[in-house]
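Trainee: Hey, got a minute to go through a structure with me? I'd like to learn how to read one.

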Amino acid sequence: MAQSDHKKFFENLSGAGKAIGVLTSGGDAQGMNAAVRAVVRMGIYVGAKVYFVHEGYQGMVDGGDNIEEATWESVSSMLQVGGTVIGSARCKEFRTHEGRLKAAYNLVQRGITNLCVIGGDGSLTGANLFREEWSGLLDELLQAGKIDNEAVLKYSHLNIVGMVGSIDNDFCGTDMTIGTDSALHRIIEVVDAIMTTAQSHQRTFVLEVMGRHCGYLALVSALACGADWVFIPEMPPADGWEELMCTKLSENRARKKRLNIIIVSEGAIDSNNKSITSEHIKDLVVKCLGFDTRVTILGHVQRGGTPSAFDRILASRMGVEAVLALLEASPDTPACVVSLCGNQSVRLPLMECVQMTQEVQKAMDEGKFEEAVRLRGRSFENNLNTYKLLAHRKPQSELPHDEALCRSSFNVAVLNVGAPAAGMNAAVRSAVRVGITEGHKMFAVNDGFEGFSRGQIKEINWGDVGGWTGQGGSLLGTKRTLPAKYIEKIAEQMRINNINALLVIGGFEAYLGLSELLAARGKYDEFCVPMVMVPATVSNNVPGSDFSIGADTALNAITDTCDRIKQSASGTKRRVFIIETMGGYCGYLASVGGLAAGADAAYIFEEPFDIRDLQSNVEHLTEKMKTSIQRGLVLRNENSNENYTTDFIYQLYSEEGKGVFDCRKNVLGHMQQGGSPSPFDRNFGTKIAAKAMLWISRKLKETYRQGRVFANTEDSVCLLGMHRRALIFQPVVQLKEETDFVHRIPNEQWWLKLRPLMKILAKYKTSYDVSDSGQLEHVVRNRSKETENVAI
């Protein structure tokens, strides 16, 4: 990403005199409304006129009332609604030259020369063709006498920016498309519900999910629920799969597993290109094994429902980025797609992405499935590799045995430290299974460092972690206690159990704990072993990682609650809610939750505020109450200010708002820590723990000398975190400079850049640093193994 030396602020970009049209096209996807809302508000904010194009390209061709000017209020309450409020339709007429001519005329009539298209690859390809033909279409309209010369000159070129809205996640160049995460939420809700009934009756369930040409939904939901078998178009099973599958299912039942889950993508095929249907699988299981088997076809349920927090944030970020891209576009800029790469928003040439997406289909049609997986991108490839690693236990004979080391297994202990976070169990399951596959003996420690000192440690096997992915909290038990006061006893337990490596899954305490173990190396050789930490905390306050396991689940809990609270105000009108979130001193949940819930303000410790700020917020809400949007939502992080407490802010707002609005307050509390983990947290926990175990394996081989493991370098105690676009290992020692130990937060936090977005979308004048956005990149085809890191 090209970075400018000096910061670039968007205040220099003006939309005055420009008109932007926004449309949704093709299949609907949850989060499209959040994208429309962001485009409309950002467009109005910079001084442009913004128009809704109702019913996709059909509305553009038909014109009239289908193209309607949007106002700030007209996108209120859209954020939490699934589908697309402005309508979408498949339009045959736009595929014809005559249809596009009509569309060009309708746009010129309103002075629209900037289009923001939210849809799949078909919709975006159509937009690009329209752009290429634009000047020719204007010439035809001029010759037909429909427009004059002045209009041809004034509206001489059309700028196009695309956002990909598709639940299938089938578009190359972006890690996640708008709607995918919400579709996964729907699938996982169903799977979790089905598991309880399947368990009761010892049933096998075959679930069919969407994805005619792309197996992403099937693959990730299989990873997220620990399915026994998955069928996807990109990985046709080899001949003889029927027998192999039935053997695996019966082996699982023999291990006391009371249910089997098989997930099938609707486009699943075998190696002879024949379709594999859910009914065919059911008949096979009944015939071969006699298991009680049921089929559930999820269908359009996956497209429905409210968008997840991830999709709202993704769509809001992309919508704002799309307007910036349109403001900066020139006649020479190619049509681009705003997309997500790791945690970064990027701009990519639209046709490069479309071309690559079509190449995937071509590779699949030609039976080049490995090539298709590679072209799908790193996110898909990593999911597939992780699934293969975890799905089936290898026989003993296939486990690694390194003759040079004169031993086949090391003892690796896994423990949870800190407060419980949803997704911890998925991480433990993944670590245990990858460890066993790597040939190690895995040990589980109960109740964190405290349990470790008491000897609460036992071997854990493949079957012991079955069904753990969907469970909230921490099944191993977790405590906040740090190891320093028990250091001698922990060293003794390391010696007794001959522990050769440690994997710690937890929050800030885990980070402090690893630092203490590292410091104890001088006195105790037992700690001279590879140690790695995986961040898991709802607060998302661990240095060295942009995300922590559990934070996404907490965000969804906050967003769902805020939706309900906002809805409760729809009858009473003129009401402001003050909501307190968790997070210690870290304002991640309040800020990002505020963006996802459409809050008016979010008070956090990292951005100091005083009585004047509180006063201006009250005035802002007073103005808002004069419009048609008669409710307000204010979030406050629990430790944002010791004097301006939630009660103080509630009383201040109540007093100052007298006669204009009334107030209610709500402390969300521990509901943010509980609940079943979200698909993102299950998937993130699974993949990050698998990567951590592979690192441990590598380090064990490197540090095994003269019959024992001895690791005393700084890089043998690491934190594995997601940073911008990649998962990276960072020595804990190096992270000290990046940490504010008093307030238990990193010194620099990426999400602070999202705060201006929340303010802009809530109509506050603010400054927004856009140095990070801007440069058009190119689609990366094949990455070397070194840079191939996990994207979620």
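Trainee: Okay, where is Gln-109 found?

Mentor: Gln-109 belongs to helix α3, which covers residues 97-109. By the way, this is a predicted model.

Trainee: Good to know. Is Gln-109 buried or exposed?

Mentor: Neither, really: Gln-109 has 48% relative accessibility, so it counts as partly exposed. The cut-off for exposed is over 50%.

Trainee: And how far apart are Gln-109 and Gly-63 in space?

Mentor: Their C-alpha atoms are 9.6 Å apart, while in sequence the two residues are 46 residues apart.

Trainee: New topic. How many salt bridges does the structure hold?

Mentor: It holds 31 salt bridges. In general, side chains of opposite charge can pair when their charged atoms come close.

Trainee: Show me one. What does Lys-102 form a salt bridge with?

Mentor: Lys-102 pairs with Glu-93, and the closest N and O atoms are 2.7 Å apart. Lys-102 is partly exposed, with a relative accessible area of 41%. Glu-93 is also partly exposed, at 26% relative accessibility.

Trainee: What about Arg-378 and Asp-175, how do their side chains meet?

Mentor: In a salt bridge, at 3.1 Å from N to O. Arg-378 sits in helix α13 and Asp-175 in the loop between β5 and α6, so the pair ties together parts that are 203 residues apart in sequence.

Trainee: Are those two buried or exposed?

Mentor: Both Arg-378 and Asp-175 are buried.

Trainee: Got another pair for me? Which residue does Arg-682 form a salt bridge with?

Mentor: With Asp-192, where the closest N and O atoms are 2.7 Å apart. This pair links distant parts of the chain, since Arg-682 is in helix α22 and Asp-192 is in helix α6, 490 residues apart.

Trainee: How do Arg-682 and Asp-192 compare for burial?

Mentor: Arg-682 has 1% relative accessibility, so it counts as buried. Asp-192 is partly exposed, with a relative accessible area of 24%.

Trainee: Which residues are linked in a network of salt bridges?

Mentor: Arg-203, Asp-292 and Arg-294 are linked that way.

Trainee: Back to α13 for a sec. How many residues does it have, and how far does it reach?

Mentor: Helix α13 runs over residues 378-391, so that's 14 residues, and it reaches 20 Å from its first C-alpha to its last. That is close to the 20 Å expected at 1.5 Å a residue.

Trainee: Is α13 mostly covered or open?

Mentor: Mostly covered: 11 of its 14 residues are buried. Among them are Phe-380, Asn-383, Tyr-387 and Leu-390, plus our salt-bridge residue Arg-378.

Trainee: What do the buried residues of α13 pack against?

Mentor: Quite a list! They pack against helices α7 (216-225), α12 (369-376), α14 (424-437) and α22 (679-703), and against strands β7 (229-231) and β10 (336-341).

Trainee: Let's take α12. At what angle do α12 and α13 pack?

Mentor: At about 125 degrees, with their axes 5 Å apart. The two helices are therefore oblique to each other.

Trainee: Which residues meet there?

Mentor: On the α12 side you have Val-373, Arg-374 and Arg-376, and they meet Phe-380, Glu-381 and Leu-384 in α13. By class, this contact has 3 nonpolar, no polar and 3 charged residues.

Trainee: What's the angle for α10 and α18?

Mentor: Helix α10 (residues 309-328) and helix α18 (residues 551-572) pack at about 85 degrees, with axes 8 Å apart. That makes them roughly perpendicular to each other. The α10 side of the contact is Ala-309, Phe-310, Arg-312 and Ile-313, and the α18 side includes Leu-555, Asn-556 and Thr-559. This contact has 4 nonpolar, 2 polar and 3 charged residues.

Trainee: Last thing, backbone angles. What is the phi of Asn-169?

Mentor: Asn-169 has a positive phi of about 55 degrees although it is not a glycine. Asn-169 is in the loop between β5 (159-164) and α6 (180-201), and at 7% relative accessibility it counts as buried.

Trainee: And the phi of Asn-273?

Mentor: Positive as well, at about 70 degrees, and again the residue is not a glycine. You'll find Asn-273 in the loop between β8 (260-265) and α9 (278-289).

Conventions. Residues numbered from 1 in each chain as written. Predicted model: local features only at pLDDT ≥ 70, side-chain atom pairs only at ≥ 80, totals over all residues. Heavy atoms only, no water. Helix = DSSP H or I, 4+ residues; strand = E, 2+ residues; numbered from the N terminus. Expected span 1.5 Å × (residues − 1). Buried < 20%, exposed > 50% of the residue type's maximum accessible area, 1.4 Å probe, protein only. Contact = heavy atoms within 4.5 Å. Axes fitted to C-alpha atoms, helices over the stretch in contact; angles between N-to-C directions. Parallel < 35°, antiparallel > 145°, perpendicular 65-115°, else oblique. Nonpolar A, V, L, I, M, F, W, Y, C, P; charged D, E, K, R; others polar. Salt bridge = Lys/Arg side-chain N within 4 Å of Asp/Glu carboxyl O.
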